[in-house]
Amino acid sequence: MRALMKTEKGVGHFHVCDIPKPKLKSAGEVLIKVSAAGVCGTDVHIYHDKFQNYPPVVLGHEFSGVVEEVGADVTRFKPGDRVVGEPHTLFCGKCDVCRAGKIQLCANKRSPGWGIDGAFTDYLTMPELFLHNIPDNVGDMVAALAEPMAIVTHEVLERGKVDPQDTIAVIGAGPIGLLAAVAAKAGGAGRTIVLGTDVDEAMRFPAARNLGVDHIVNVQREDAYAFVMDLTRGRGADMVVEASGSEPGINTAIDIVKKCGRITAVGMPGKDKVAVQWLKMINKVLDVCFNLSSSVSSWDRALGIMSATEFDLTNVITHYANIEDWEAVFDDIAKGKAIKAMFVPGAARR
Ligand SMILES: [Zn+2]
Ligand SMILES: [Zn+2]
């Protein structure tokens, strides 16, 4: 089968290779035929060697698929089941974070797509314990958004917490920002505001409108602080989801959040040190919540939101591509001409 792989360490080294179809390695594993696999910012970082990777490895950690074969010990899944999988493979089970149930933070973890073979191909194997059934009314393409949806569900709802009728501002209009706005609404937010820049005008802002975002602010054209203060009668947003990872974005979050409000940090800065308005954070008595990855509990909750939402989540997906066209897809992502790109086995070539 054909697979998009990182073949060696360093910048680049992405190649489509021929590899054998994987076999079950243990009685607790499931063989999954990939339906769709999403391209994530992490994959871009792996290309540039700015995220850990263990080549040669098949890329792709966000996927949906159909169970083809199950090991002898598998009890919860059978061939034909549609599934998604948590990327928390190879957690140790012994360290403090594992024993606290936070296996996603285990230093030993090696996810499909960078630590072990992932989903930018036709088949992958996963331990049964990570799998979740896809609700009947969630299509295969949308289901492949389950991993980013679980991340925002964990970060915005489980850790950030939305109270009924809150005004939630989301900084950054990428896939995570858009899904965060959907999660906030599902969690009871009264109003959502997405803040972005000129590059978001063509694709991301229209998608945000179709996903039920109440207000959209282009911070390059409009004063974000004045807009949010006007909307909230001078109070500020109850919670700000910082999904840009940029220094201006982080400081805008501090500016527009209300006194005693909450910032939930989702975006990854591209550098170790960020200059923030620390004193303003003290004077506003802010709660800031940092986040990484998804929790076990967030997956079924995320799938529930995906099943129940009145909004069409395909608005987030701009590409249904063949892995052979990966260079064009990554080029579109780099140029801001994509929101979420999916690799779909058997998709037509460009
Ligand atoms: Zn991802
Ligand atoms: Zn551990």
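Five bridges join strand β1 (residues 2-6) to β2, and the two strands run antiparallel; strands here are DSSP runs of type E with at least two residues, helices are runs of H or I with at least four residues, and both are numbered from the N terminus. The structure is a predicted model, in which local features need pLDDT of at least 70 and side-chain atom pairs count only at pLDDT 80 or more, while totals for chains, interfaces and linings use all residues. Residues are numbered from 1 along each chain as its sequence is written, chains are lettered from A and ligands numbered from 1 in the order in which they are written, and side-chain values use heavy atoms, with hydrogens and water left out.

Within the β1-β2 pairing, L4 stands opposite V16 of β2, and M5 has H15 of β2 as its bridge partner. Strand β1 is also joined to β4, by two antiparallel bridges; two strands are taken to pair if DSSP finds at least two bridges between them. In β4, V57 is the bridge partner of K6. The outcome is an open sheet of three strands in the order β2-β1-β4, with antiparallel pairing. Strands β2 (14-18) and β4 (57-58) stand at the edges with a single partner strand each, so one side of each is left without a neighbour in the sheet. Strand β1 is mostly covered, with four of its five residues buried; buried denotes under 20% relative accessible area, exposed over 50%, and partly exposed the range in between (1.4 Å probe, protein chains only).

Two zinc sites are described next. The zinc ion (ligand 1) is coordinated by C40 (SG), H61 (NE2) and E62 (OE) at 2.1 to 2.3 Å. Donors are N, O and S atoms within 2.8 Å of the metal (3.2 Å for Na, K and Ca), and sites may look incomplete, as water is not among the atoms. Along the chain, the donors of ligand 1 follow the spacing C-x20-H-E. C40 lies in the loop between β3 (29-38) and α1 (41-47), whereas E62 belongs to strand β5 (residues 62-70), so the pair ties together parts that are 22 residues apart in sequence. Both C40 and E62 are buried.

The zinc ion (ligand 2) is coordinated by the SG atoms of C92, C95, C98 and C106, at 2.3 to 2.4 Å. The four donor atoms subtend angles of 102 to 118°, which makes the arrangement tetrahedral, a term applied to four donors if all angles lie between 85 and 135 degrees. The donors of ligand 2 follow the spacing C-x2-C-x2-C-x7-C. C95, in the loop between β6 (82-85) and α2 (96-99), and C106, in the loop between α2 and β7 (123-127), are eleven residues apart and link distant parts of the chain. C95 counts as partly exposed at 23% relative accessibility, whereas C106 counts as buried at 6%.

The domain assignment of the protein chain gives domain 1 (2-133 + 312-343) and domain 2 (152-290), with bounds that come from an automatic or database domain assignment. The C-alpha centres of the two domains lie 29 Å apart. Their contact takes eleven residues from domain 1 and eleven residues from domain 2, where contact means heavy atoms within 4.5 Å.

The largest nonpolar core has 49 residues, of which M149, V156 and M306 touch the most other members. A nonpolar core is a set of buried Ala, Val, Leu, Ile, Met, Phe, Trp, Tyr and Cys residues joined through side-chain atoms within 4.5 Å. Elements that each supply at least two residues of this core include α4 (146-160), α5 (175-186) and α10 (296-308). Helix α5 gives the most, with seven residues. The core draws at least three residues from each of domain 1 and domain 2. Not counting residues up to four places away in sequence, M306 touches V138, V142, A143, L145, A146, M149 and L313. A second, separate core of 32 residues includes A37, V83, C106 and F343.

Two further residues have contacts with parts of the chain distant in sequence. M203, in the loop between β10 and α6, is partly exposed, with a relative accessible area of 29%. M203 and K337 are 134 residues apart in sequence and 7.4 Å apart in space, C-alpha to C-alpha. G196 lies in strand β10 (residues 191-196) and counts as buried at 5% relative accessibility. Leaving aside residues up to four places away in sequence, G196 touches F205, V217, N218, V219 and Q220.

How values were computed. Four donors count as tetrahedral if all angles lie between 85 and 135 degrees; four count as square planar and six as octahedral if opposite donors are over 155 degrees apart and all others between 65 and 115; anything else is irregular.
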